[in-house]
Amino acid sequence: MALAGWGMQTIGYGPTCLILATVLVAAAAYALTMRSLITLPTPDRWAEHIQRWSIAQF
């Protein structure tokens, strides 16, 4: 939030929005190409999915 305010004051509203949009598109592209996310199974098969993709458990 503070970074957006700093960006708007420093480089202007338009460039700050363009940078934000670029970051959002990059994050969306990354999420849409994550194989482990795309193949997410139903809850009863989550444990198998976690082991298959070596996903860290919290």
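This passage describes the overall form of a predicted model of a protein chain, followed by selected local features.

In the predicted model, the protein chain contains four helices and zero strands, and its elements, read from the N terminus, follow the order α-α-α-α. The radius of gyration of the protein chain is 18 Å, well over the 10 Å that the globule rule gives for 58 residues, so the chain is more spread out than a compact globule. Taken along the principal axes, the box filled by the C-alpha atoms has dimensions of roughly 50 × 20 × 15 Å. Of the 58 residues of the protein chain, 9% count as buried, while the area exposed by the chain comes to about 5200 Å², with carbon and sulfur atoms supplying 70% of this area.

On the surface, I11, I19 and V23 together make a nonpolar patch of about 270 Å². Of these residues, V23 is placed in helix α2, which covers residues 13-33, and V23 has a relative accessible area of 52%, so it counts as exposed, the cut-off for that class being over 50%.

The fourth helix and its surroundings supply further local detail. H49 is located in helix α4, and its relative accessibility of 6% places H49 among the buried residues, because that class lies under 20%. When its neighbours within four places in sequence are left aside, H49 is in contact with S36, T39, L40, P41 and I55. S54, by contrast, is found in the segment after α4 (46-53) and is exposed, with a relative accessible area of 65%. Although S54 is not a glycine, its phi is positive, at about 55°.

Charge pairing was also examined. Side chains of opposite charge can pair when their charged atoms come close. The structure holds one salt bridge, which R45 forms with E48, the closest N and O atoms being 3.7 Å apart; this separation falls within the 4 Å cut-off for a salt bridge. R45 has a relative accessibility of 44% and therefore counts as partly exposed, and E48, with a relative accessible area of 48%, is likewise partly exposed.

Note on methods:
Residues are numbered from 1 along each chain as its sequence is written. This is a predicted model: local features need pLDDT of at least 70, side-chain atom pairs count only at pLDDT 80 or more; totals for chains, interfaces and linings use all residues. Side-chain values use heavy atoms; hydrogens and water are left out. A salt bridge is a side-chain nitrogen of Lys or Arg within 4 Å of a carboxyl oxygen of Asp or Glu. Buried means under 20% relative accessible area, exposed over 50%, partly exposed in between (1.4 Å probe, protein chains only). Patches are made of residues with over 30% relative accessible area and no salt bridge: like charges are joined within 9 Å, nonpolar side chains (Val, Leu, Ile, Met, Phe, Trp, Tyr) within 5 Å. Accessible areas come from the Shrake-Rupley method with a 1.4 Å probe; for residues, only the protein chains shown count as cover. Helices (H or I, at least four residues) and strands (E, at least two) are DSSP runs, numbered from the N terminus. Contact means heavy atoms within 4.5 Å. The radius of gyration is taken over C-alpha atoms; the globule rule is 2.2 Å times the number of residues to the power 0.38.
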